[in-house]
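Reader: I would like a careful, close look at one part of this model, with the reasoning spelled out at each step. Please begin with the charged side chains and work outward from there.

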Amino acid sequence: SGFFSKPSLKSRNTIFTLGQRGAILSPAELEGPILVPHTAQRGDSRYPYETLFRSQHYALLDNGCREYLFLCDFFMVAGNSALDLFYCIMGKTLSMFLKSMSTYVSDCYDSIAIFLCIHIILRFRAITAKRTIPALDKYWEAVLELLWPRFELILEMNIQSIRNTDPQKLGVLDTRPHYITRRYAEFSSAIVSINQTFPNERTNALLAQLQVEVENFVLKMAAEFPSRRDQLIFLINNYDMLLSVLMERAADDSKEVESFQQLLLARTQEFIEEILSPPFGGMIAFVKEAEALMEKGQLDRLKNEEARITQLVRGFSSTWKQSVESMSQDVMRSFTNFKNGTSIIQGALTQLIQYYHGFHKILNQPTFRSLAVRSELINLHHLMVEVKKHKPNF
């Protein structure tokens, strides 16, 4: 029932993914023909709950409106006396509907079905309001009072189940997107896209809570990896997965999208520093140290570092190509989304050129002008052209 029971293949997609189910809210299906039980039984198609619900309630809407208008005309009644008469005739049917629904709902874990039913009722209520027929108002309210709490309860259960997940019990560590993340992404984008059609604040509040739990879960899972590098790969893969699903189905400017974009950006920056460090850490450290001293006008403190600088200049010239090559291959192996991997490599190479540019600027200062090894620096423009060649060939 929660996000976290390991997926069984049979029910896997249906309850967290919208698929074609959202189409029921389109005008064509919402007011489409009613399912006739005996013909529907003959076919072997199984209908999701919301399809039966829509059919039953569309029939009710149609007959209820007709019945009410007939009573008003035939018995020449209006206002409350018309409603009283209507309840005399239709009351038993309505309470039977509510009773059977309440039985179904109390045992239902398909929050998408419940949410679609809520949205069907919101629309039907709007239709009867437009026709200015008050006969079903009380009934619509009663149905919503049944459905909303159940929807909220299922969401609460999902929130709880993520909160109580023990990462250590989830089996093998893997840096690819976690099935819980994938499932949350599918589910929240389903709810967001239904909700956009008839916006509702209650839903947004619940989704925000769910999102917080998923973010915490992703962090909790990441903490299981021993190396910071793997932690970052896991985080980037999961944030990227969340973003791509959310952006495909929700508005680009939604709050979810924005907060994951920021997380993804921050972790990507950190990862870039992490992978530049083994091959280029010496130079980067020197650049940072020298820039800090330069700001205070104390660059002369590094006057006697000629040996270190010589080693850095020569080290860079002789190994950078090979380092960039293996860095690229490494990144492409680590990230499930090809586009994401490519942009991380580009980010890393841009960052590398910036550091080397900083290295040049420092060695151009009066303190180091007389160093012979300056002639061995690679020209920046040349480096940029070369780096382009060493972008991985796909």
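Author: E305 has a relative accessibility of 24%, and because buried means under 20% and exposed means over 50%, E305 counts as partly exposed. This is a predicted model, and every value that follows should be read as computed from it. The partner of E305 is R308, and the closest N and O atoms of this salt bridge are 3.4 Å apart. R308 falls into the partly exposed class as well, since its relative accessibility is 25%.

Side chains of opposite charge can pair when their charged atoms come close. The pair just described is part of a longer list, for a search of the whole structure finds 19 salt bridges. Two others deserve a close look, and the first of them joins R333 to D330, with an N to O distance of 3.8 Å. Both residues belong to helix α11, and because they are three residues apart there, about one helical turn separates R333 from D330. The two ends of the bridge do not have equal access to the surroundings: R333 is exposed, at a relative accessible area of 64%, whereas D330 is partly exposed, at 24%. This bridge should also not be read in isolation, since R229, D230, D330 and R333 are linked in a network of salt bridges.

The second one joins K389 to E386, whose side chains meet at 2.8 Å, N to O. The spacing along the chain follows the pattern already seen in α11, because K389 and E386 are three residues apart in helix α13 (residues 380-389) and are therefore separated by about one helical turn. The contrast in accessibility deserves attention: K389 counts as exposed at 55%, but E386 is buried, with a relative accessible area of 9%. In this salt bridge, then, an exposed lysine is paired with a buried glutamate.

From the charged pairs it is a short step to the packing of the helices. Helix α11 (residues 306-334), which carries the R333 and D330 pair, packs with helix α10 (residues 255-295) at an angle of about 165°, their axes being 10 Å apart. Since angles over 145 degrees count as roughly antiparallel, α10 is roughly antiparallel to α11. The crossing in which α10 passes α11 is left-handed. One residue that can be placed in α10 is L263, which is partly exposed because its relative accessible area is 21%, a value to be set beside the 20% under which a residue counts as buried. The C-alpha atom of L263 is separated by 23 Å from that of N164, a residue 99 positions away along the chain.

A second pair of helices makes a useful comparison. The axes of α3 and helix α6 (residues 137-163) come within 13 Å and cross at roughly 160°. Here again the angle makes the helices roughly antiparallel, α3 to α6, but the crossing of α3 and α6 is right-handed. L155 is found in α6, and with a relative accessibility of 0% it counts as buried. The C-alpha atom of L155 is 9.7 Å from that of T203, although their positions lie 48 residues apart along the chain.

Helix α3 (residues 49-74) also holds F70, which is partly exposed at a relative accessible area of 45%. Together with F74 and F75, F70 makes a nonpolar surface patch of about 340 Å². Further along, M76 lies in the loop between α3 and α4 (79-105), and this residue has a positive phi of about 50° although it is not a glycine. M76 is exposed, given its relative accessible area of 74%.

A similar backbone feature is found at T132, in the loop between α5 (111-130) and α6. The phi of T132 is near 45°, again a positive value in a residue other than glycine. T132, too, counts as exposed, with a relative accessibility of 65%.

Conventions: Residues are numbered from 1 along each chain as its sequence is written. This is a predicted model: local features need pLDDT of at least 70, side-chain atom pairs count only at pLDDT 80 or more; totals for chains, interfaces and linings use all residues. Side-chain values use heavy atoms; hydrogens and water are left out. Patches are made of residues with over 30% relative accessible area and no salt bridge: like charges are joined within 9 Å, nonpolar side chains (Val, Leu, Ile, Met, Phe, Trp, Tyr) within 5 Å. Accessible areas come from the Shrake-Rupley method with a 1.4 Å probe; for residues, only the protein chains shown count as cover. A salt bridge is a side-chain nitrogen of Lys or Arg within 4 Å of a carboxyl oxygen of Asp or Glu. Helices (H or I, at least four residues) and strands (E, at least two) are DSSP runs, numbered from the N terminus. Buried means under 20% relative accessible area, exposed over 50%, partly exposed in between (1.4 Å probe, protein chains only). Axes are lines fitted to C-alpha atoms, for helices over the stretch in contact, and angles run from 0 to 180 degrees between N-to-C directions. Angles under 35 degrees count as roughly parallel, over 145 as roughly antiparallel, 65 to 115 as roughly perpendicular and the rest as oblique. A crossing is left-handed if the near helix is turned anticlockwise from the far one by less than a right angle, and right-handed if clockwise.
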